Amino acid sequence: MSHDNHTKKFQGLLRQLFEFECADLDFGVYRIMNHKRQVIERWITEDLPKAIKEELNRGTLAEQQQARQALEEARRKVIETLGEEALDAEGNLAEQYRNTKVGQEYLEAFAKATHAQPAEALEAQVYNHLYTFFSRYYQDGDFISKRRYSKKERYAIPYNGEEVYLYWANHDQYYVKTAEHFTDYTWKAPNGVTVHLKLQAADVEVNNIKGEKRFFLPVLDGITWDAEARTLTIPFQYRPLTEQEKITYAEKQEKILEKALEAIPAQLKGNAEALAALTAERRRDAQGNSVSCLEHHLRQYTARNTRDFFIHKDLKGFLSRELDFYLKNEVLNLDELEAAGEDLAEGWCQLMRLIKRIGGHIIDFLAQIEDFQKALWEKKKFITETFWCITVGHIPEGFYPEIAANEAQWEEWRDLFHIHELPKDEWSDDLDTEEGRIAFLKAHPTLVLDTRHFSQDFTDRLLASFEDLDEMTDGLLVHSENWQALNLLLEKYRERVRCTYIDPPFNTDDSQFAFKDNYRNSTWLSLMNDRLRMGAPFLTSDGSIYVHLDHNSNFYGRFLLDSIFGSECLLNEVIWRIGWVSGYKTAADRYVRNHETIFVYGRQSQPYFNKNKARIPYTSFSEDTIRSEVESIKRTWGLSGLSPLRLKLTFIDAEGRVYKIGLTEKEGAYNVEDTWNCNEYEELHSNKIKRNVAEYTPHGSEITQKPEQLLRRVIEVSSEKGGIILDFFAGSGTTPAVAKKLGRRFVAVEMGSYFDTDMLWRMKKVLFGTQVGISKQCGYKGGGIVKVIRLESYEDALNNITFDEESGQKALDLFGDEYLLRYMLKWESKKSETFLDVEKLQAPFSYKLRIHRSGETREQPVDLPETFAYLIGLDVEKRQVLHDGGRRYLVHRGTTRDGRRVAVIWRETQGWTQADYERDARFVAEQGLTKGADEVFVNGDSYIEGARSLDGLFKARLFGQEG
């Protein structure tokens, strides 16, 4: 291979590492990479080769090149003086010429240059070693840990003397579970046109889409062209197909794409500029056929789950360690070094230093990109929406006239609770009048008010009417990726959760989450490891965690839990028998699988365990009381001649009481074993087996099979009333539903669309008091308050990155490669809203991010006050809104985990003068907003006595620092 080919091969790898193939994409991490694409290309094609050449032309390597040149000159003199026969094909001098002056000069030059390599060969070595090193760890967009310890390409696993060590390929990476489709997809066409594929909400009734597969479909009549901005927008919907579409497309996304590739350009006839952007060649396929920009990007856009990926936790440390290892084991050849002699040893060292230095530059740049994504992932996310679900019995009657006038709320009640079918009396019979509605509210105190249907002023006044808001709130529902939710909530709930139950995605080939190519087990382990480790500190010292798994992953889960909690903290391995078996399960030639595994671990070796709740009371009746009936059955069945026959007869009533036949009549209790649903005392069948539709949510048959009775056992045995229950794989919301019915408080996290259609829907039913599941058994009647928050997603964070190109160019001119390779992304993006631009805290109620919700991306305010309260772990007792003329004040008063009384004051200060700050201080003093507080925080500057700015602390806590 020629020198140029070695160079081009390595440069091609670098372009792959720096994702040059995505150069036309203009969103998320791709927009970040494209920000300095030209600068990076110049570094690859000009600066890097120049640096390598300069190093090869100095020091010992330069001396070796001079020795080769001296040898070539001596060889020429030998041939001119002694003739060509004086040297053989290998350059050896004939014996008879060794004592001549020319011959001696040649031998001396030959000795010095024997092991010196040509400059081209040295340069090829550098490129080949760098290519070999970086390509061995890079695979499909991620760096996979594959440490090799010999030239035979066998792998070494990091090991510190543990008896058993669990290792997987992605152990040092975050698994980033994101949305299942691109929410914002933008590319820049070769002619400079920006093409934006935009997902819009599909107007489809929930009942019409239950259980149906969804597809991406272009909205052809919604295509728009902005001539001034040179932007083409093509809207899509992600929805089920109509009956006609099912016939047309045969329920295949590929068929939809084929039609779209014809239909979209057809909509743009006469618009040459837009058509050119779509039809330009993007690449060629494996058969050499041209693939247009539109076709390439449509396939990228519609590929499900392609955005799930990994972020390395310490890419620089990993690659730097591996480069040292590589240099010592594969570049430093001791046999060749010994043969070369001491004179050439320095050249070998210089070559190694060159490879290490160039490799280090590349590592610095790769690490800068990876660390930037890591910082975005680890950053605690903003709360983008906060609302409450409150039963009207908790609401002062002074609010009832406003509730009576809110048509949106009454419409929801008609749909959700069928209020038109509820009992009425002469006072609440007419729901079309204010009087009738108010009477109806008084008669039905468990109607659930959703504050989203009301104005901000109404919500402010309502919440201010509660004297201990957090204490009155029964639970928290969080719409978020679960690692992100735990990351934000940790300060508030650290060591406060009595029991955690999770039913994570099983390690199967279904579509619950994407697997990284051939790393199915490694992907699952990375997903679980980080979330279990983040969830562990939530538990009280006597708390416990239940992890529900199946046969695909229970052995991996056991290793993980042992490594996190310690093997001595395993309380039980519970086997849950799913229920009776039938259908396809019985057709296979094997034992019928009919169980799942629940591991129970404590924060300590003996966590809280309510033994009384782990016993099932029963009443036993003597067999003699039904002897005649039994004899009649034996005769009817033809069994009267057989003896002995064992009689087992058990009844379980609607309240769960057990009645059985025994030898004697007595009251007793069955001690629950670690095999559940395996005897006559229990009915803990899977919902999918017993078809308990009453427990299902709109999509419950698809996402849950855990009955409420199962969660009742877990919660009652491992917590007391008032204790906090956590579930960060909440699905349809069985855990929070049962926790509420049992008088526990809860935190439940779910990221999917099921959050609104199922979990929130279910919790409103629970608060209303709908009698399903265990409601009758535990006497639950409804009522309560539930808080709901949504968090900024990782993609939202990416899409809110902005760059300060002017200051970046100045820094690049001043610091050159050092800035490009190490600091560029962090420096130029530091004022991005997702990183908290503290200057904009002067207007905290209008701080905005671009957020993707309900199929659309739009700019909306984020809830900075709520976010800050969680960051400092504040238990809010009083949430109060006051007005000083046109100025709005939002005040949180409460207690932090260390017992400090804290007041947090928020107000708009943009454009304030000294007089405004003086007025501000007077108002706060007159209202007594800081009275009794040990610490007072305020956004921005202030003259408020004893107050300090929260701005720096907010930013520090956002990035996990104390401040």
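Leaving aside its neighbours within four places in sequence, Asp837 is in contact with Lys831, Ser832 and Tyr847, where contact stands for heavy atoms within 4.5 Å. The model is a predicted one, in which local features need pLDDT of at least 70 and side-chain atom pairs count only at pLDDT 80 or more, whereas totals for chains, interfaces and linings use all residues. Residues are numbered from 1 along each chain as its sequence is written, and side-chain values use heavy atoms, with hydrogens and water left out.

**The chain and the surroundings of Asp837**

The chain has 34 helices and 33 strands, these being DSSP runs numbered from the N terminus (helices H or I, at least four residues; strands E, at least two). Of its 963 residues, 53% count as buried, a word that stands for under 20% relative accessible area, with exposed over 50% and partly exposed in between (1.4 Å probe, protein chains only). Among the contacts with a separation of 6 or more, residues 24 or more positions apart account for 73%.

Asp837 itself lies in the loop between α31 (817-828) and β27 (848-853). Asp837 is buried yet has no salt bridge, the nearest side chain of opposite charge being Lys840, 4.4 Å away. A salt bridge requires a side-chain nitrogen of Lys or Arg within 4 Å of a carboxyl oxygen of Asp or Glu, and for charge Lys and Arg count as positive and Asp and Glu as negative, while His and the chain ends are not counted.

**Aromatic pairs**

Tyr847, one of the contacts of Asp837, also belongs to an aromatic cluster that it forms with Phe382, Phe868, Trp906, Phe937 and Phe954. A pair of aromatic rings is described by the distance of the centres and the angle of the planes. Rings of Phe, Tyr and Trp (its six-membered ring) pair if their centres lie within 6.5 Å, and planes under 30 degrees apart count as stacked, over 60 as edge-to-face and the rest as tilted. The structure holds 34 aromatic pairs. One of these, Trp906 with Phe954, is edge-to-face, with 6.3 Å centre to centre and 85 degrees between the planes. This pair links distant parts of the chain, as Trp906 sits in strand β31 (residues 901-907) and Phe954, 48 residues apart from it, in helix α34 (residues 951-958). Trp906 is buried at a relative accessible area of 0%, and Phe954 is likewise buried at 0%.

Tyr917 and Tyr943 form a tilted pair, 5.9 Å centre to centre and with 45 degrees between the planes. Here too distant parts of the chain are linked, Tyr917 being in helix α33 (residues 914-927) and Tyr943 in the loop between β32 (935-938) and β33 (947-949), 26 residues apart. Tyr917 is buried, with a relative accessible area of 13%, whereas Tyr943 is partly exposed, at 45%.

**Strand β8 and its partners**

Strand β8 (residues 231-239) has 9 of its 9 residues buried and is therefore largely enclosed by the rest of the structure. In a regular strand the side chains alternate between the two faces of the sheet. In β8 both faces are covered, with Thr231, Thr233, Pro235, Gln237 and Arg239 on one side and Leu232, Ile234, Phe236 and Tyr238 on the other all buried. Three of the strands that pair with β8 are listed below, pairing being assigned if DSSP finds at least two bridges between two strands.

| Strand | Sense with β8 | Bridges | Residues standing opposite |
|---|---|---|---|
| β5 (residues 194-199) | parallel | 6 bridges | Val195 and Leu232 in β8 |
| β6 (residues 215-218) | antiparallel | 4 bridges | Phe215 and Arg239 in β8 |
| β7 (residues 224-226) | antiparallel | 3 bridges | Thr224 and Thr233 in β8 |

β7 and β8 form a hairpin with 4 residues between them, and in its turn Arg230 has a positive phi of about 50 degrees.

**A mixed sheet, and helix α23**

Elsewhere, 4 strands in the order β20-β21-β19-β22 form an open sheet with mixed pairing. Because β20 (650-652) and β22 (666-671) stand at the edges with a single partner strand each, one side of each is left without a neighbour in the sheet. Neighbouring strands of this sheet are turned by 30 degrees against each other on average, direction ignored; the axes are lines fitted to C-alpha atoms (for helices over the stretch in contact), and angles run from 0 to 180 degrees between N-to-C directions. Strand β19 (residues 615-622) pairs with β22 in the antiparallel sense over 6 bridges, and Arg615 stands opposite Asn671 in β22.

Helix α23 (residues 627-637) contains Lys634, which is buried with a relative accessible area of 19%. Not counting residues up to four places away in sequence, Lys634 touches Leu639, Ser640 and Leu645. From Lys634 to Leu645 there are 11 residues in sequence and 9.5 Å in space, C-alpha to C-alpha.
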